[in-house]
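Me: Can you walk me through this model? I'd like the overall numbers first and then some local detail.

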Amino acid sequence: MLVIALVLIAGIGSGGISLLIAESELRQVIARQELSLLNSAAALIDSDLQDKRQLLRLLAEQFQAHQLTLAQVQEELETHETLREEFFNVSAFDASGALIASLRDRNAKRINIADRKYFQETMRLREGVVSAPFKSVLSGRPVVVLTQPLRDADGRIVCILLGAIDLLRPSFSAQIDSLRSSSDGYLFIITDDGVIIHHPDRSRLLEKTDPEPGSVLEAALQGGEGWQDGLLDNDVPVLLVHKHLREAAWNIALSYPMESAFAPMRSVRWRAFLGAAMLTGLAGIFGWGITKKLLRPLKRLHDHVEDISAGRAGIAVFDVDRGDEFGHLSRAFYALSQRRERAEAELHRIATTDVLTGIHNRRMFDDFLPKALARAARAGQQVGLAFLDIDHFKDINDTLGHAAGDEVLVEFARRLTAAVRTTDTVARLAGDEFVIVFEQLDSNTEIDLLGRKILDAMQPPFLGGTARLKVTASIGIALTTSSNVSVDEVMRAADQALYGVKAAGRNGFAVNLVGAERVLRARIKT
């Protein structure tokens with residue numbers, strides 16, 4: 001009995017020491033696990049804010065390119081339906097702070113934000129900022145806004161775009177809450193100056209706190225990233241994990257009750273004491289196996305992120321069928337990644353498409369022509385480049401107005417696209433300047449057929465407002481004769497051919513061999 005008692009005491013003692021060691025290690029593991037989850041959530045928010053700011057910058061560039069007046073901003077905003085998906089509201093204010101446009105309500109009451117700090121900071125820094133949270137005058141809801149200045153040709157700020165993010169909107173709040181939907185604890189976001197942006201208790205939104213020493217809020221405001229235990233949250237001991245965002249002066253934090261965090265350890269301790277010394281080793285092995293199993297989904301999720309970053313997998317790996325918090329987090333990644341892909345595709349379409357005519361723009365052409373020349377060089381084929389100008393287009397604008405001129409440009413682009421082959425690429429450079437890249441040409445004579453076909457397509461009268469117009473075009477075509485040609489040489493040859501057509505009376509086309517520095521043949525319609 002003495003030996004049994006000594007063995008039992010030794011077993012309980014060694015088991016207790018082992019459990020204390022295991023608890024210390026598990027504390028570190030759980031903290032790192034929750035910090036990894038929080039880093040993922042912070043990365044999602046940073047990425048979402050960055051995408052929204054980029055969308056506002058592209059919108060401002062588009063407005064500036066169109067040289068919109070302040071009176072046209074409202075109409076232009078309402079043509080961008082994707083803004084309603086990304087923002088609760090997008091509004092515009094002139095340089096004096098007066099409201100000039102609102103996407104959600106074109107009849108919104110007139111307000112002035114000249115005294116708002118985010119407005120003053122935008123005017124002072126001449127770049128977009130993320131505002132402190134506040135209650136919106138237009139909607140009465142708690143929001144933060146992203147600003148983007150719009151400059152005129154002289155660089156003066158004439159307008160400021162505001163993208164409002166509703167802090168109660170499901171796309172913001174519910175998405176964050178879903179990351180902890182299947183476990184205890186909650187996420188909250190607080191600004192560097194102590195204003196609550198997100199909290200499970202919605203009544204605390206926009207609350208300006210004065211954190212007490214040793215409180216959860218004080219720990220969350222320490223900046224950077226890290227974790228602490230032994231803190232009290234409503235008199236409940238918690239593990240606090242916090243992270244500072246890159247895109248805004250915000251801190252995201254996770255409050256996790258210690259009772260929930262270390263529930264598995266208490267179960268292990270109870271079994272270990274029941275088994276005494278004999279079961280101490282088995283309990284340790286079992287506890288280690290459980291820990292490895294709990295961490296395996298997080299490791300798999302980390303591997304998925306690494307594979308996507310390295311290009312070895314697509315976002316579909318996030319679409320997993322799991323009911324735990326890792327499954328929810330992975331599916332949240334999948335949903336956000338899909339939205340980001342759609343947004344990137346839309347941004348690419350906007351960046352490479354001419355807004356007026358719907359065909360390719362100058363940016364797309366500059367990227368496409370070198371690739372077309374490289375493909376032709378590999379295949380041993382010729383490439384043709386046509387420069388097209390609408391003859392006397394300035395007269396149309398001067399006599400009938402720019403609206404009629406725009407109608408002519410749209411119809412010209414439509415006929416041009418219909419006249420060329422499916423393998424050819426049409427783009428508008430600027431004004432009445434168009435280009436065509438001809439690929440897979442079978443012979444030199446084929447380019448003549450294409451030139452005549454384009455001229456014939458322009459024969460029917462055009463409509464410019466109520467007037468029926470005769471519209472003609474001058475076409476200069478450069479044709480490569482070897483694979484060793486540069487973009488500049490091709491464009492120079494096409495420009496020379498175009499100049500020759502204009503000098504000969506317009507309404508025709510000319511073909512110039514690249515490097516020959518002479519017009520090979522020309523045709524002027526009479």
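Reply: What follows goes from the whole chain to one helix and then to one residue, and the model is a predicted one.

Me: How many helices and strands does the chain have?

Reply: The secondary structure comes to 14 helices and 18 strands, and of the 526 residues of the chain, 46% count as buried. Among contacts between residues at least 6 apart in sequence, 57% join residues at least 24 apart.

Me: And what does the accessible surface come to?

Reply: The chain has an accessible surface of about 26,400 Å², with 54% of that belonging to carbon and sulfur atoms.

Me: On to H10, then. Where is the kink?

Reply: Helix H10 covers residues 362-379, and a kink of about 25 degrees lies at Phe-368, shortly before the proline Pro-370. From its first C-alpha to its last, H10 reaches 26 Å, which is close to the 26 Å expected for its 18 residues at 1.5 Å a residue.

Me: What happens at its ends?

Reply: At the N-terminal end, Asn-361 acts as a cap, with a side-chain oxygen 3.3 Å from the backbone nitrogen of Arg-363, while just after H10 Gly-380 takes a positive phi of about 70 degrees.

Me: Which residues of H10 are buried, and what covers them?

Reply: The buried residues are Phe-365, Phe-368, Leu-369, Ala-372, Leu-373 and Ala-376, and their cover includes strands E11, E12 and E13 together with helix H14.

Me: Different topic: is Asp-46 buried or exposed?

Reply: Asp-46, which lies in helix H1, is buried, because its relative accessible area is 2%, and buried means under 20%. Leaving aside residues up to four places away in sequence, Asp-46 touches Leu-245, Arg-246 and Glu-247.

Definitions and conventions. Residues numbered from 1 in each chain as written. Predicted model: local features only at pLDDT ≥ 70, side-chain atom pairs only at ≥ 80, totals over all residues. Heavy atoms only, no water. Helix = DSSP H or I, 4+ residues; strand = E, 2+ residues; numbered from the N terminus. Expected span 1.5 Å × (residues − 1). Bend = angle between axes of the 7 residues up to and from the residue. Buried < 20%, exposed > 50% of the residue type's maximum accessible area, 1.4 Å probe, protein only. Contact = heavy atoms within 4.5 Å. Polar contact = N/O pair within 3.5 Å; in protein donor to acceptor, adjacent residues only side chain to side chain. Areas by Shrake-Rupley, 256 points an atom, 1.4 Å probe, with all protein chains shown as cover.
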